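Here are some notes to help you find your way around a structure that is new to you. Please keep the view open as you read.

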Amino acid sequence: MGHVHHGQLVDIPFAKRIRDVLIEEGRAQKHHVLPDSGWISYRVRSDQDVDRAVWLLRVSYLYHLLALRKRKEEHPAGDAIEIDVALAELDMSDALSTCSVI
């Protein structure tokens, strides 16, 4: 669902429409190498940034599970998680929570 470079730069894939909302809201930056892709980059400089990076990773994970469920693909954790409830618990903006997933 993403990766960390040298402990400070977190890269996470999203659908472009979700990436656009995250960037517009100032929650992430365009990917440092692939700025036109769905990937985002997030710099971790403090403990608070770690919490925000984990939040972004959680959003990515849940949207990927949702996309798998919509395509009727199985995932080991997919049935154990109430995705809509988990997304609602993340206190996302209206713009982000209404992003549809392919």
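The points below go through the sheet, one aspartate, the salt bridges and two loop residues.

1. A word before we start: this is a predicted model. Please read each distance and angle below as a value computed from that prediction.

2. The sheet is a good place to begin. It is open, has 4 strands in the order β1-β2-β4-β3, and its pairing is antiparallel. At the edges sit β1 (3–5) and β3 (29–30), each of which pairs on one side only. Strands of a sheet pair through backbone hydrogen bonds, in either a parallel or an antiparallel way.

3. Next, look at the pairs that β4 makes. With β2 there are 5 bridges, in the antiparallel sense. Helix α2 packs on the sheet, where it touches β2 and β4, and its direction makes about 15 degrees with that of β2. To follow the β2–β4 pairing by eye, try proline 13, whose bridge partner in β4 is tryptophan 39, and then isoleucine 12, whose partner there is isoleucine 40. With β3, the antiparallel pairing of β4 runs over 2 bridges; glutamine 29 has serine 41 as its bridge partner in β4.

4. Aspartate 11 deserves a closer look. This residue belongs to strand β2 (residues 9–13). Aspartate 11 is buried but has no salt bridge, and the nearest side chain of opposite charge, arginine 43, is 8.0 Å away. Which side chains make polar contacts with the side chain of aspartate 11? One is histidine 5, at 2.7 Å, and another is serine 41, at 2.6 Å. Apart from neighbours within four places in sequence, the residues in contact with aspartate 11 include His3, His31, His32 and Trp39.

5. How many salt bridges does a search of the whole structure find? The search finds 3. In general, side chains of opposite charge can pair when their charged atoms come close. One salt bridge joins arginine 19 and aspartate 20, at 2.5 Å from N to O. Arginine 19 counts as buried because its relative accessibility is 8%, under the 20% limit. Aspartate 20, at 36%, counts as partly exposed.

6. Another salt bridge brings together the side chains of glutamate 25 and arginine 27, with 3.0 Å from N to O. Glutamate 25 is partly exposed, with a relative accessible area of 30%, and arginine 27 is also partly exposed, at 27% relative accessibility.

7. Arginine 52 and aspartate 49 form a salt bridge as well, and their closest N and O atoms are 3.7 Å apart. Both residues lie in helix α2, 3 residues apart, which is about one turn of the helix. Is aspartate 49 buried or exposed? Aspartate 49 counts as buried, at 11% relative accessibility, whereas arginine 52 counts as partly exposed, at 41%.

8. Two loop residues round off the tour. Serine 46 is in the loop between β4 (39–43) and α2 (47–70), and it counts as partly exposed at 32% relative accessibility. Although 38 residues separate serine 46 from glutamine 8 in sequence, their C-alpha atoms are 9.5 Å apart in space.

9. Finally, aspartate 91 sits in the loop between α3 (83–88) and α4 (94–97). Its phi is near 55 degrees, a positive value in a residue other than glycine. Most residues other than glycine have a negative phi. Aspartate 91 counts as exposed because its relative accessibility is 64%, over the 50% limit.

Note on methods
Residues numbered from 1 in each chain as written. Predicted model: local features only at pLDDT ≥ 70, side-chain atom pairs only at ≥ 80, totals over all residues. Heavy atoms only, no water. Buried < 20%, exposed > 50% of the residue type's maximum accessible area, 1.4 Å probe, protein only. Lys, Arg positive; Asp, Glu negative; His and termini not counted. Salt bridge = Lys/Arg side-chain N within 4 Å of Asp/Glu carboxyl O. Polar contact = N/O pair within 3.5 Å; in protein donor to acceptor, adjacent residues only side chain to side chain. Contact = heavy atoms within 4.5 Å. Pairing = 2+ DSSP bridges. Axes fitted to C-alpha atoms, helices over the stretch in contact; angles between N-to-C directions.
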